[in-house]
Amino acid sequence: MTPIHSWAEGQKILTIAEVSELTRTPAATLRFWRSRGGRGPKSFKVGPKRVGYLESDVLAWLEEQYQAANEESA
């Protein structure tokens, strides 16, 4: 069995469908954000045709969105 790299140890890799469900954002929007660079949660390629998201990156991105919304309304 191949060892898990330290950056991924204990982390779950989410699919675009899982991120879509978690963020309540259409998969097409996530793909668009990814194509524009830096608009959505951090992602990475998992092979030639798949995209993955670390769960911790998605949760951190959601927290950033929440904090930004609170700053705007203050």
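With a relative accessibility of 11%, W61 counts as buried, since the limit for a buried residue is under 20%. W33, at 21% relative accessibility, counts as partly exposed. These two tryptophans belong together in the predicted model: W33 and W61 form an aromatic pair. A search of the whole structure finds one such pair. Its ring centres lie 5.6 Å apart, and the planes meet at 55°, an arrangement classed as tilted. Because W33 lies in helix α2 and W61 in helix α3, the pair ties together parts that are 28 residues apart in sequence.

The confidence of the prediction was examined next. For the protein chain, the mean pLDDT is 88, and 88% of the residues reach 70 or more. Helix α1 has the highest confidence, with a mean of 97, whereas the lowest is found in helix α3 (residues 55-73), with a mean of 91.

Helix α1 spans residues 16-23. Its buried residues are I16, V19, S20 and T23. Seen down the helix axis, these residues fall within an arc of 105°, and they therefore line one face of α1. On the other side of the helix, A17 and E21 are exposed. The buried residues of α1 pack against several other elements, namely β1 (13-14), α2, β3 (51-54) and α3.

Two of the buried residues of α1, I16 and V19, also take part in the largest nonpolar core. This core has six residues, the others being L14, L30, Y53 and V58. In soluble globular proteins, nonpolar side chains tend to be buried together. The surroundings of V58 illustrate how parts of the chain meet. When residues up to four places away in sequence are not counted, V58 touches L14, V19, L22, T23, P41 and Y53. Among these contacts, L14, V19 and Y53 are listed with V58 in the largest nonpolar core, while T23 is one of the buried residues of α1.

The backbone just after α1 was also considered. There, R24 takes a positive phi of about 60°. Most residues other than glycine have a negative phi. R24 is a residue other than glycine with a positive value, and its place is in the loop between α1 and α2 (27-36). Its relative accessibility is 67%, so R24 counts as exposed, the limit for that class being over 50%.

Notes:
Residues numbered from 1 in each chain as written. Predicted model: local features only at pLDDT ≥ 70, side-chain atom pairs only at ≥ 80, totals over all residues. Heavy atoms only, no water. Helix = DSSP H or I, 4+ residues; strand = E, 2+ residues; numbered from the N terminus. Buried < 20%, exposed > 50% of the residue type's maximum accessible area, 1.4 Å probe, protein only. pLDDT = per-residue confidence, 0-100. Arc of directions from axis to C-beta. Contact = heavy atoms within 4.5 Å. Core = buried A, V, L, I, M, F, W, Y, C linked by side-chain atoms within 4.5 Å. Phe/Tyr/Trp six-rings, centres within 6.5 Å; stacked < 30°, edge-to-face > 60°.
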